[in-house]
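User: Please go through this model with me, one question at a time. I would like the criteria stated along with the values.

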Amino acid sequence: MEKKNYIVGIDIGSSNIVMIVGSKSASGEMVIDAIVSKPAQGVKAGVIENLNQVSECIKAAKAEIEEELNIRISE
């Protein structure tokens, strides 16, 4: 099985927390492998008010992407 190097991005917004995972194709272009959006909790007007709630949203998005792509995000 080919080992891929994934690139992970997280957008923490007031209404949604979005995690995106991509990789480079053989031609060098960026390919989006998965996108997950979770309702933001703990963020108000662009300010993190409850770090624990935000952390739980990120963990849920990470778990969903890991299951979808059958990968483990470690860093």
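Analyst: A salt bridge here is a side-chain nitrogen of Lys or Arg within 4 Å of a carboxyl oxygen of Asp or Glu. The model is predicted, so local features need pLDDT of at least 70 and side-chain atom pairs count only at pLDDT 80 or more, while totals for chains, interfaces and linings use all residues. Residues are numbered from 1 along each chain as its sequence is written, and side-chain values use heavy atoms, with hydrogens and water left out.

User: How many salt bridges are found in the whole structure?

Analyst: Side chains of opposite charge can pair when their charged atoms come close. One of the pairs is Lys59 with Glu56, whose closest N and O atoms are 3.7 Å apart. The search of the whole structure gives a count of 3.

User: Which residue forms a salt bridge with Lys38?

Analyst: Helices (H or I, at least four residues) and strands (E, at least two) are DSSP runs, numbered from the N terminus. The closest N and O atoms of the pair are 2.6 Å apart, and the partner of Lys38 is Glu64. Lys38 lies in strand β3 (residues 30-39) and its partner in helix α1, so the pair ties together parts that are 26 residues apart in sequence. The residue asked for is Glu64.

User: Is Glu64 buried, partly exposed or exposed?

Analyst: Buried means under 20% relative accessible area, exposed over 50%, and partly exposed in between (1.4 Å probe, protein chains only). The relative accessible area of Glu64 is 34%. Glu64 is therefore partly exposed.

User: Why are Lys59 and Glu56 separated by about one helical turn?

Analyst: Lys59 is partly exposed, at 49% relative accessibility. Lys59 and Glu56 are separated by about one helical turn because both are in helix α1, at a spacing of 3 residues.

User: Which residue forms a salt bridge with Glu66?

Analyst: Glu66 is in helix α1 and is buried at 16% relative accessibility. The partner is 4 residues apart from Glu66 in the helix, so about one helical turn separates them. That partner is partly exposed, with a relative accessible area of 29%. With the closest N and O atoms 3.2 Å apart, the residue is Lys62.

User: Which backbone nitrogen lies 2.8 Å from a polar atom of the side chain of Glu66?

Analyst: A polar contact is a pair of N or O atoms within 3.5 Å; within protein, one must be able to donate a hydrogen and the other to accept it, and residues adjacent in sequence count only if both atoms are side-chain atoms. Contact in general means heavy atoms within 4.5 Å, and Glu66 touches Ile71, Arg72 and Ile73 when residues up to four places away in sequence are not counted. The backbone nitrogen at 2.8 Å is that of Ile73.

User: What is the order of the strands in the open sheet?

Analyst: Two strands pair if DSSP finds at least two bridges between them. β1 (residues 7-12) and β2 (residues 16-24) pair in the antiparallel sense over 6 bridges, and β2 and β3 do so over 9 bridges. The 3 strands thus form an open sheet in the order β1-β2-β3.

User: Which residue in the turn between β2 and β3 has a positive phi?

Analyst: β2 and β3 form a hairpin with 5 residues between them, whereas the hairpin of β1 and β2 has 3 residues between its strands. Within the β2 and β3 pairing, Ile17 stands opposite Lys38 and Ser23 stands opposite Val31. The turn residue has a phi of about 95° and is Gly28.

User: Where does Ala45 lie, given its positive phi of about 55°?

Analyst: Most residues other than glycine have a negative phi. Ala45 is not a glycine, yet its phi is positive, and at 71% relative accessibility it counts as exposed. Ala45 lies in the loop between β4 (43-44) and β5 (47-48).

User: Is Asn70 buried or exposed?

Analyst: Asn70 is found in the segment after α1 (51-69). Phi of Asn70 is near 55°, a positive value in a residue other than glycine. With a relative accessible area of 68%, Asn70 is exposed.
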